[in-house]
Amino acid sequence: MRLQHQEFNVFADYHQFYLWDRGITNRAPEEYTQEDVRRRIKVGPSVVVIQPERNNTVPIVVEVHDADPGFESSGWDHIAEASLHLPTGRLQVHECTGGPVADFTVTPGWYRVRYQGGGLASIDECGLEGKDRYLLVLWPAPASEVHVVKQWEASK
């Protein structure tokens, strides 16, 4: 069952924004590998870095569920999952160079984050305009490794 749902825009400066436990951290990882960039998702202590295709304002939807709601992959270009520890239950969406965008109160514990990106091929050559969209779905789940369900590769 879906417990929470919010839609808003995030300025994805440096192609990133964060989901983190605001009671534990206000810092994102600073070291990135090529694999982190390819996967478009990175984890750190009590933080998940989401890496949209545009270095601009992007529309996102965040949903919190009580269990994995499943998904249909056909409408999405890229799908990846990671684990997020929220020991205080104070989930926050935070811009890279801005501030907090949204706050959620959840039951403390481990969550799975599914990042789904769609419309990625609509982004213009400058990388600033497009009809891309992003869905972030969270539900309680044991910690596990980052997993790319569906990999998107930009056409050159």
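The following exercises, each with a worked solution, concern a predicted model.

**Exercise 1.** Determine where R40 is found, whether R40 is buried or exposed, and which side chain makes a polar contact with the side chain of R40.

*Solution.*
Step 1. R40 belongs to the loop between α1 (34–39) and β3 (41–44).
Step 2. The relative accessible area of R40 is 8%. Buried means under 20%, so R40 is classed as buried.
Step 3. The side chain of E53 makes a polar contact with that of R40, at 2.3 Å.
Step 4. With residues up to four places away in sequence not counted, R40 touches V49, I50, Q51, E53, H78, Y115, Q151 and W152. E53 thus appears in this list and also supplies the polar contact.

**Exercise 2.** Establish the strand order of the open sheet of 5 strands, and explain why β3 and β8 each have one side without a neighbour.

*Solution.*
Step 1. The order is β3-β4-β2-β7-β8, and the pairing is antiparallel.
Step 2. β3 and β8 (100–105) stand at the edges; each has a single partner strand, so one side of each lacks a neighbour in the sheet.
Step 3. On average, neighbouring strands of this sheet are turned by 15° against each other, direction ignored.
Step 4. For β3, the antiparallel partner is β4 (residues 47–50), joined to β3 by 4 bridges. Within β4, I50 stands opposite I41.

**Exercise 3.** Describe the surroundings of E81, starting from the strand that holds E81.

*Solution.*
Step 1. E81 has its place in strand β6, which spans residues 78–86.
Step 2. With a relative accessible area of 11%, E81 is buried.
Step 3. Two arginine side chains are to be considered. The side chain of R112 makes a polar contact of 3.4 Å with that of E81, and the side chain of R114 makes one of 2.8 Å.
Step 4. Leaving out residues up to four places away in sequence, E81 touches I41, F71, R112, V113, R114, W139, E145, V146, H147 and V149. Both R112 and R114 are included in this list.

**Exercise 4.** Identify the strands that pair with β9, and state how many residues of β9 are buried.

*Solution.*
Step 1. β9 comprises residues 109–118, and 9 of its 10 residues are buried.
Step 2. β6 pairs with β9 in the antiparallel sense over 9 bridges. A82 has V113 in β9 as its bridge partner.
Step 3. Strand β10 (residues 133–140) also pairs with β9 in the antiparallel sense, over 8 bridges. Here Q116 stands opposite L135 in β10.

**Exercise 5.** Find which residues have the most contacts inside the largest nonpolar core, and list the contacts of I60.

*Solution.*
Step 1. The largest nonpolar core has 30 residues, and L19, I60 and V93 have the most contacts inside it.
Step 2. Apart from its neighbours within four places in sequence, I60 is in contact with Q6, E7, F8, V10, F17, V93, Y134 and L136. V93 is therefore both a contact of I60 and one of the residues with the most contacts inside the largest core.
Step 3. Another core, of 7 residues, lies apart from the largest one; I79, V137, W139 and A141 are among its members.

**Exercise 6.** State how many aromatic pairs the whole structure contains, and characterise the pair formed by Y18 and W20.

*Solution.*
Step 1. A search of the whole structure finds 2 aromatic pairs.
Step 2. For Y18 and W20, the distance is 5.4 Å centre to centre, with 15° between the planes. Planes under 30 degrees apart count as stacked, and the pair of Y18 and W20 is accordingly stacked.
Step 3. Y18 and W20 are both buried.

Key. Residues are numbered from 1 along each chain as its sequence is written. This is a predicted model: local features need pLDDT of at least 70, side-chain atom pairs count only at pLDDT 80 or more; totals for chains, interfaces and linings use all residues. Side-chain values use heavy atoms; hydrogens and water are left out. Helices (H or I, at least four residues) and strands (E, at least two) are DSSP runs, numbered from the N terminus. Buried means under 20% relative accessible area, exposed over 50%, partly exposed in between (1.4 Å probe, protein chains only). A polar contact is a pair of N or O atoms within 3.5 Å; within protein, one must be able to donate a hydrogen and the other to accept it, and residues adjacent in sequence count only if both atoms are side-chain atoms. Contact means heavy atoms within 4.5 Å. A nonpolar core is a set of buried Ala, Val, Leu, Ile, Met, Phe, Trp, Tyr and Cys residues joined through side-chain atoms within 4.5 Å. Two strands pair if DSSP finds at least two bridges between them. Axes are lines fitted to C-alpha atoms, for helices over the stretch in contact, and angles run from 0 to 180 degrees between N-to-C directions. Rings of Phe, Tyr and Trp (its six-membered ring) pair if their centres lie within 6.5 Å; planes under 30 degrees apart count as stacked, over 60 as edge-to-face and the rest as tilted.
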